[in-house]
Amino acid sequence: MSILHYPNNFVITNSVFVENHQHGRGIELLHNASRMEATHDSSYNEFVAESLPRTRHGSILENLSTWAQHPDPPFSSLWLVGPESDLAHLCADKMEKYLAASFFFSGELGVDDPRQFFTTIAYQLTTHIPAYEALIDAKLRQSPGLISKSLKIQFHELIVRPFQQLQARGEITAGSRGTIIVNGLDECKGDRARQELLRILTTETEALPFRWVVFTRPDVVVDQRRLELKSTALSNLDAWRLMDKSSARQGDSTEHVVKVAIPREQYITTSSNATSLDLS
């Protein structure tokens with residue numbers, strides 16, 4: 001419909017026409033390239049935890065919550081290695097107000113495409129950080145092909161470089177929502193893609209203003225010959241092994257979870273070998 005109805009007897013001078021319909025087009029592209037079913041609070045994940053082994057998690061959730069709020073924690077990347085359980089879901093629910101993003105891999109639900117990992121994380125970050133949203137929107141309107149690039153390029157162009165720009169301009173305001181949770185990395189489709197995600201998450205996240213919590217089963221982390229984590233892991237990365245003990249009551253499916261620091265010579269090089277988080 002025309003803006004002017006039956007125009008006559010007027011003159012337009014020094015006119016400037018602004019095209020508004022493209023605003024947010026980059027964010028729309030990012031959303032379309034994401035897998036929002038992977039977020040912890042999606043309808044896909046609403047009842048998943050009910051079908052997983054239940055855990056008696058003791059103080060682990062409180063420790064994680066304290067760590068997420070601490071202004072200067074001893075490490076910013078934490079890997080929890082153990083059997084499949086509902087602990088990651090409980091953690092996401094407990095830390096909801098501190099979450100910046102989450103991605104829950106699930107082969108059973110078909111949420112396992114590594115190409116949608118960083119786009120999904122990036123899209124969630126845009127919903128919490130307006131300055132980042134503006135950067136990403138402009139970047140993707142100019143270079144829409146970024147969403148189909150390699151994992152390494154996606155990570156650097158969609159996450160690392162925008163936050164470097166924001167930090168240089170003094171505009172980084174992640175605020176309290178500074179935690180990113182990744183669950184089920186072992187269910188990521190494709191061995192090489194899984195290795196690349198593992199490499200990025202253990203070696204290239206240190207400069208970002210986020211705290212990463214990664215839940216995975218041992219078979220992804222333990223194979224040092226394939227992944228070679230010992231020589232490349234971040235100095236500010238810590239790891240806990242979650243051990244399970246059978247319940248004393250017969251028929252009780254609940255698992256007791258015991259947190260044990262992973263020895264640095266066995267899995268990954270860490271700056272701390274502490275068995276608990278006492279940050280008070």
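Which residues does glutamine 116 touch, leaving aside those up to four places away in sequence? In this predicted model, the list is Ala33, Ser34, Arg35 and Phe103. That's one small corner of the structure; the rest of this briefing walks through the nonpolar cores, the salt bridges and the cysteines. Two headline counts to keep in mind are 41 residues in the largest nonpolar core and 12 salt bridges across the whole structure.

**Around glutamine 116**

- You'll find glutamine 116 in the loop between β3 and α4.
- Despite sitting in a loop, glutamine 116 is buried, because its relative accessible area is 18% and the cut-off for buried is under 20%.
- Next along the chain comes phenylalanine 117, which touches Phe103, Phe105, Val182, Leu197 and Leu201, again skipping residues up to four places away in sequence.
- Phe103 turns up on both lists: glutamine 116 touches it, and so does phenylalanine 117.

**The nonpolar cores**

- In soluble globular proteins, nonpolar side chains tend to be buried together.
- Here, the largest nonpolar core has 41 residues, and the ones with the most contacts inside it are Phe117, Tyr132, Ile159, Phe163 and Phe210.
- Both helices and strands feed into this core: the elements giving two or more residues are the helices α1 (25-32), α4 (117-126), α5 (130-142), α6 (151-168) and α7 (191-203), plus the strands β3 (99-104), β4 (179-183) and β5 (211-216).
- The top contributor is α6, with 7 residues.
- There's also a second, separate core, this one with 20 residues, including Phe75, Cys91, Leu99 and Phe215.

**Salt bridges**

- A search of the whole structure turns up 12 salt bridges; here are some of them.
- Aspartate 137 and arginine 141 pair up through their side chains, with N and O 3.3 Å apart.
- Both of these residues belong to helix α5, where aspartate 137 and arginine 141 are 4 residues apart, or about one turn of the helix.
- The two ends of that pair fall in separate classes: aspartate 137 is buried because its relative accessibility is 6%, under the 20% cut-off, while arginine 141 is partly exposed at 39%.
- Glutamate 171 and arginine 169 make another bridge, at 3.0 Å from N to O.
- In this case both partners are partly exposed, with glutamate 171 at 31% relative accessibility and arginine 169 at 46%.
- Then there's aspartate 186 with arginine 217, whose closest N and O atoms are 2.9 Å apart.
- This pair links distant parts of the chain, 31 residues apart: aspartate 186 is in the loop between β4 and α7, and arginine 217 is in the loop between β5 and α8 (218-221).
- Aspartate 186 is buried, with a relative accessible area of 12%, whereas arginine 217 is partly exposed at 28%.
- Finally, Lys139, Glu157 and Arg161 form one network, joined by salt bridges that share partners.

**Cysteines**

- How many disulfides are there? The count comes to 0.
- Cysteine 91, which belongs to the second core, is buried, with a relative accessible area of 0%.
- Cysteine 188 is buried too, at 2% relative accessibility.

Note on methods: Residues are numbered from 1 along each chain as its sequence is written. This is a predicted model: local features need pLDDT of at least 70, side-chain atom pairs count only at pLDDT 80 or more; totals for chains, interfaces and linings use all residues. Side-chain values use heavy atoms; hydrogens and water are left out. A nonpolar core is a set of buried Ala, Val, Leu, Ile, Met, Phe, Trp, Tyr and Cys residues joined through side-chain atoms within 4.5 Å. Buried means under 20% relative accessible area, exposed over 50%, partly exposed in between (1.4 Å probe, protein chains only). Contact means heavy atoms within 4.5 Å. A salt bridge is a side-chain nitrogen of Lys or Arg within 4 Å of a carboxyl oxygen of Asp or Glu. A disulfide is a pair of cysteine sulfur atoms within 2.5 Å.
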